[in-house]
Amino acid sequence: MELREFRAGLDAWLDEHEHELSPEFGPDVAFDQEVEHLSLVKRMTYDAGWMRWGWPERVGGLGGSTLMRAYLGEALASRDLIEPGIYSMTEVLAPTMIEFARPELAAETVPRLLRGDETWCQGFSEPSTGSNLGSLACRARRDGDSWRVTGQKVWTSLAQYAHRCVLLTRTGTPESGSRGITALFVDMDSPGITVRPIRAMHGRDEFCEVFFDDVRVPTDRTLGEVDGGWAVAMDLLPYERSTSLWHRSAYLRQRLGHLLATAPDGALDPADLGEVVQMAFAFHARSRGTQHRMARGERLGAETSVDKVLLATTEQAVFDLAADAVPAALAVGDDADADRWRTGFLYSRAATIYGGSAEIQRDIIARRLLDLGTDR
Ligand SMILES: Cc1cc2nc3c(=O)[nH]c(=O)nc-3n(C[C@H](O)[C@H](O)[C@H](O)COP(=O)(O)OP(=O)(O)OC[C@H]3O[C@@H](n4cnc5c(N)ncnc54)[C@H](O)[C@@H]3O)c2cc1C
């Protein structure tokens with residue numbers, strides 16, 4: 001199918017089914033409801049075919065340009081049918097799984113993620129290892145045809161709902177750095193895993209601590225090479241920093257449009273508004289270029305740090321504008337609109353942290369793209 005045909009068909013289908021896909025959330029919406037609603041949206045769009053376009057046929061897709069799946073996320077976010085943060089996880093995890101898992105494993109599990117039958121999580125960060133990922137300590141020891149995993153992860157988004165985890169483990173010596181890491185695909189119901197949700201300041205238990213106590217993982221769940229997990233991480237992070245954020249651009253423009261429509265006359269300073277609109281379009285234009293590069297089959301790399309910096313600065317600017325222009329929108333109250341602004345404002349503070357902090361992205365841009373100083 002061509003993109004033009006896909007867009008027209010999807011738009012018509014969404015017009016018809018929007019009422020079934022619309023979340024009916026009040027101000028006290030629980031995170032559980034948002035996760036459950038996302039599964040519903042994925043199931044309906046998968047069963048109607050839309051969620052399958054842009055993914056390879058060997059993992060349940062229908063083939064075609066990756067721009068189709070980008071447009072699906074954009075259309076759902078523009079119509080306010082998804083919570084954009086949790087929608088991203090598919091675009092973060094599935095491409096790397098397709099690249100590095102045994103073909104049979106990818107064929108068995110990726111369709112379940114696409115259809116919303118399963119939720120997956122990403123176990124990279126640890127209590128003393130976020131930016132310096134190469135020093136992670138969660139240990140995997142070989143035991144016959146299994147790995148035995150012991151250690152801790154933290155800030156693991158959606159772990160309390162997850163059926164599987166893409167987990168980075170230390171298989172080399174503690175000093176082996178990025179050369180001694182192995183990536184595993186772990187069933188979250190394996191004996192020995194304990195998940196403790198963490199309440200974030202925007203009121204959602206989005207992420208968790210995850211403890212592994214001698215957890216058995218079959219060796220055929222290894223992603224990529226033994227001790228080659230760094231390549232898996234370096235493949236995944238560019239998606240997390242760019243293409244998985246495309247629909248977030250639509251979400252931010254939707255929020256800006258809502259602000260323009262609802263702000264009292266004179267509340268928005270035209271210069272401030274112009275600045276934020278310009279940032280939103282710069283992010284959108286950059287993100288569009290990245291989507292087209294992926295669609296052409298180019299490998300994404302360090303340059304996606306530019307996308308991540310633009311997203312983070314734009315998202316915070318949009319919510320700062322709302323907070324300045326309509327302080328009442330963020331005031332304590334019980335209407336759904338105020339709750340939405342408040343939650344969005346607080347969550348926007350995380351944009352300079354998740355997927356790699358803003359300082360680290362600027363460091364990558366300086367060293368690897370601008371050739372300022374040596375690459376570490
Ligand atoms: C909402 C949210 C969801 C997340 N979801 C996940 C998830 O699903 N899975 C997962 O594995 N992780 C997840 N994370 C964790 C995230 O990847 C880390 O928080 C991030 O990489 C930063 O690591 P850290 O928290 O250990 O901070 P640190 O690395 O300790 O950094 C602390 C501060 O020091 C700065 N800093 C550190 N090193 C340098 C340096 N060399 N130069 C300049 N400044 C530096 C950082 O920029 C930051 O400001 C999530 C985080 C958030 C906020």
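In the predicted model, helix α11 contributes the most residues, 7, to the lining of the second largest pocket. This pocket encloses about 630 Å³ of space, and 31 residues form its lining. Phe25, Glu34, Glu83, Arg204 and Arg340 lie nearest the pocket centre. Besides α11 (336-348), the elements giving two or more residues to this lining are α2 (31-47), α4 (84-100) and α7 (246-262). By class, the lining comprises 12 nonpolar, 8 polar and 11 charged residues.

The ligand is surrounded by 18 residues, with Ser125, Ser131, Trp155, Ser357 and Glu359 the closest. Two serine side chains approach ligand oxygen atoms: an N or O atom in the side chain of serine 131 is 2.5 Å from one oxygen atom of the ligand, and a polar side-chain atom of serine 357 likewise lies 2.5 Å from a ligand oxygen atom. At glutamine 122 the contact involves the backbone, an N or O atom of which lies 2.7 Å from a nitrogen atom of the ligand. Taken alone, the ligand exposes 970 Å², of which the protein buries 67%. Strand β3 (146-157) and helix α12 (358-369) each supply at least two residues of the shell, and β3 provides the largest share, with 3 residues. The shell divides into 8 nonpolar, 7 polar and 3 charged residues.

A UniProt record (unreviewed entry) lists residues 121-215 as "domain: Acyl-CoA oxidase/dehydrogenase middle". In the model, this segment is 0% helix and 52% strand, and the C-alpha atoms at its ends are 17 Å apart.

The structure also holds 3 cavities of 30 Å³ or more. The largest cavity contains about 120 Å³ of space and is lined by 13 residues, among which Leu38, Lys42, Glu118, Thr119 and Leu158 lie nearest its centre. Helices α2 and α4 are the elements that give two or more residues to this lining, and α2 gives the most, with 4 residues. The lining of the largest cavity has 7 nonpolar, 4 polar and 2 charged residues.

The second largest cavity has a volume of about 70 Å³. Its lining includes Thr66, Arg69, Ala70 and Gly73, together with Tyr87, Glu91, Trp246 and Gln291. At least two lining residues come from each of α3 (66-78), α4, α7 and α8 (270-295), with α3 giving the most, 4 residues. By class, 4 nonpolar, 5 polar and 2 charged residues line the second largest cavity. Helix α4 thus recurs in the linings of the second largest pocket, the largest cavity and the second largest cavity.

Notes. Residues are numbered from 1 along each chain as its sequence is written. This is a predicted model: local features need pLDDT of at least 70, side-chain atom pairs count only at pLDDT 80 or more; totals for chains, interfaces and linings use all residues. Side-chain values use heavy atoms; hydrogens and water are left out. UniProt positions are given in the numbering used here, feature names are shortened, and annotations may be inferred rather than shown by experiment. On a 1 Å grid over the protein atoms alone, a cavity is a set of points where a 1.4 Å probe fits but cannot get out, and a pocket is an open set with protein on both sides within 12 Å along at least five of seven lines; lining residues have an atom within 4 Å of a point. Grid points are joined across faces, edges and corners, and a volume is the space filled by probe spheres set on the points. Ala, Val, Leu, Ile, Met, Phe, Trp, Tyr, Cys and Pro count as nonpolar, Asp, Glu, Lys and Arg as charged, and the others, Gly among them, as polar. A residue is near a molecule or strand if one of its heavy atoms lies within 4 Å of it. A polar contact is a pair of N or O atoms within 3.5 Å; within protein, one must be able to donate a hydrogen and the other to accept it, and residues adjacent in sequence count only if both atoms are side-chain atoms. Accessible areas come from the Shrake-Rupley method with a 1.4 Å probe; for residues, only the protein chains shown count as cover.
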